[in-house]
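This report describes the ligand site and the internal spaces of one protein model. The structure is shown first, and the description follows.

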Amino acid sequence: MSLGFSTRAIHNGEEPDFRDGASGDVAVPIHLSTTFAREKADSPTAGYEYTRSLNPTRKALEEKLASLDGAKYGLAFSSGLAAASTVIISLLKAGDNVIGFDDLYGGTRRLLSNVFINFNISTTYVDATVPENIEKAIKAETKLIWIESPTNPLLKIADIRAIAGIAKRHNLILVVDNTFLSPYFQNPLELGADIVVYSTTKYIGGHSDTLGGSVVLNNEEFYKKISYNQNAVGAVLSPFDSYLTLRGAKTLAVRMEQHQKNALALAEFLQSSPKVKRVLYPGLKNHPHHDIAASQTRGFGGVFSFELEGNLDDAQRFLSKLKLFATAESLGGVESLAEIPAIMTHASVPKEVREKNGISDTLIRISAGIENTEDLINDFRQALK
Ligand code: P1T
């Protein structure tokens, strides 16, 4: 990682090609060809055979994504959940157990609890803000720990170094979903994680116009298994989506700074409102895990949640009054979004689990975009009124 973050984001994977006949593009072309001709049947041209196996635009993105985390290997998938699924089927088998953070994106929890359970891969959920809870939950069948930090939607923080220590001692694989902070603010591999996954749909793509996922890692054995299944199962990122993600990644640093600035300003504004019960943002000094967050990240990101006084109707009314925040799932795009996890992104989490974990009907999650800060605050002010 000798070059700075933005330099890598702009140049890695996209070095201009000056060979004879090449055109020196500074932006990698979209290689739509699904198959690649060879001069001789036994020698694929520059390693390319068929786009599911390898495609030049996707390869450029995979190199860029690896470089952003200072990782040896990067792999791009058709969605964040395709990346997660491919990791699990590559590294686990029937009978294995996963320990998962009890606060995860609803779709990840649905994948583990409702899909992989059918293949006899079980998941035990624990509050991973206390690393000992993970240690206590380990069984003979446990093979993998799956966490987010900060979590979706409660912005809980896991002490990644401490959990990596537990994983090492018990010979478990630690996977960190780093979607919320992006590689700009946090690099879990450097904190001891084995595998990092992303929904590139979010900050890395950054413009709410391309769905994708990625896996970055240093472990060669895991890389071989996951890349084998990337091809064998086939949930690969298309050349066009690879291009859009390459394009988005170049401005990740400048976007993340503005997302964070807006999130902090909005979180601080809400804290002073009597209509707001609590604000959950690790960047606030009163967040219970602010210090752990600060010790393992370079920033706190652009997503926060808050609980409104009142009931679900009040939460829905607040969202309907917002003019600049679209009521929508997802996060990490340039435009600000607001949503109610209980009836939107986390509706697939059973009600009793949501209530036990603190996803109430008036919990509102905000993805702060990169608009002008004052405009966003004014929008909150009028909607609260
Ligand atoms: O949507 P997809 O690209 O498949 O990514 C799934 C995913 C994985 N991990 C995290 C932390 C996520 O937030 C997501 C997707 N999340 C939303 C769509 C959302 O609104 O929370």
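## Pockets, cavity and ligand site

Nine nonpolar, six polar and seven charged residues make up the lining of the largest pocket. The model is a predicted one. The largest pocket encloses about 560 Å³ of space. Its lining comprises 22 residues, and those closest to the pocket centre are Asp 17, Arg 19, His 31, Tyr 48 and Pro 56.

The ligand occupies the space of the second largest pocket. This pocket has a volume of about 380 Å³. It is lined by 24 residues; nearest its centre lie Gly 80, Leu 81, Tyr 105, Ser 199 and Lys 202.

Around the ligand itself there is a shell of 17 residues, with Asp 177, Ser 199, Thr 201, Ser 330 and Arg 365 as the closest. Divided by class, this shell holds three nonpolar, nine polar and five charged residues. Where does the ligand lie with respect to domain 1 (5-249) and domain 2 (252-384)? The ligand lies between the two domains, because both of them give residues to the shell around it.

Three polar contacts to oxygen atoms of the ligand are listed below.

| Residue | Protein atom | Distance to a ligand oxygen atom |
|---|---|---|
| Gly 80 | polar backbone atom | 2.8 Å |
| Ser 199 | N or O atom of the side chain | 2.8 Å |
| Arg 365 | polar side-chain atom | 2.8 Å |

On its own, the ligand has 480 Å² of accessible area, and the protein covers 92% of this area. Ser 199 appears in both descriptions of the site: it is among the residues closest to the ligand, and it is also one of those nearest the centre of the second largest pocket. Gly 80, which offers a backbone atom to a ligand oxygen, is likewise listed among the residues nearest that centre. Arg 365, whose side chain approaches an oxygen atom of the ligand to 2.8 Å, is one of the closest residues of the shell.

Enclosed space is considered last. The structure holds one cavity of 30 Å³ or more, and the largest cavity has a volume of about 30 Å³. Its lining consists of Asp 102, Asp 103, Leu 104, Arg 109, His 346, Val 349, Val 353, Asn 357 and Ile 359. By class, four of these lining residues are nonpolar, two are polar and three are charged. Domain 1 (5-249) and domain 2 (252-384) each supply at least three residues to the lining of this cavity.

Conventions. Residues numbered from 1 in each chain as written. Predicted model: local features only at pLDDT ≥ 70, side-chain atom pairs only at ≥ 80, totals over all residues. Heavy atoms only, no water. Near = heavy atom within 4 Å. Polar contact = N/O pair within 3.5 Å; in protein donor to acceptor, adjacent residues only side chain to side chain. Areas by Shrake-Rupley, 256 points an atom, 1.4 Å probe, with all protein chains shown as cover. 1 Å grid on protein atoms, 1.4 Å probe; cavity = no way out; pocket = protein on both sides within 12 Å on 5 of 7 lines; lining within 4 Å. Sits in = over half its atoms within 2 Å of the grid points. Nonpolar A, V, L, I, M, F, W, Y, C, P; charged D, E, K, R; others polar. Domains from an automatic or database assignment. Points joined across faces, edges and corners; volume = space filled by probe spheres on them.
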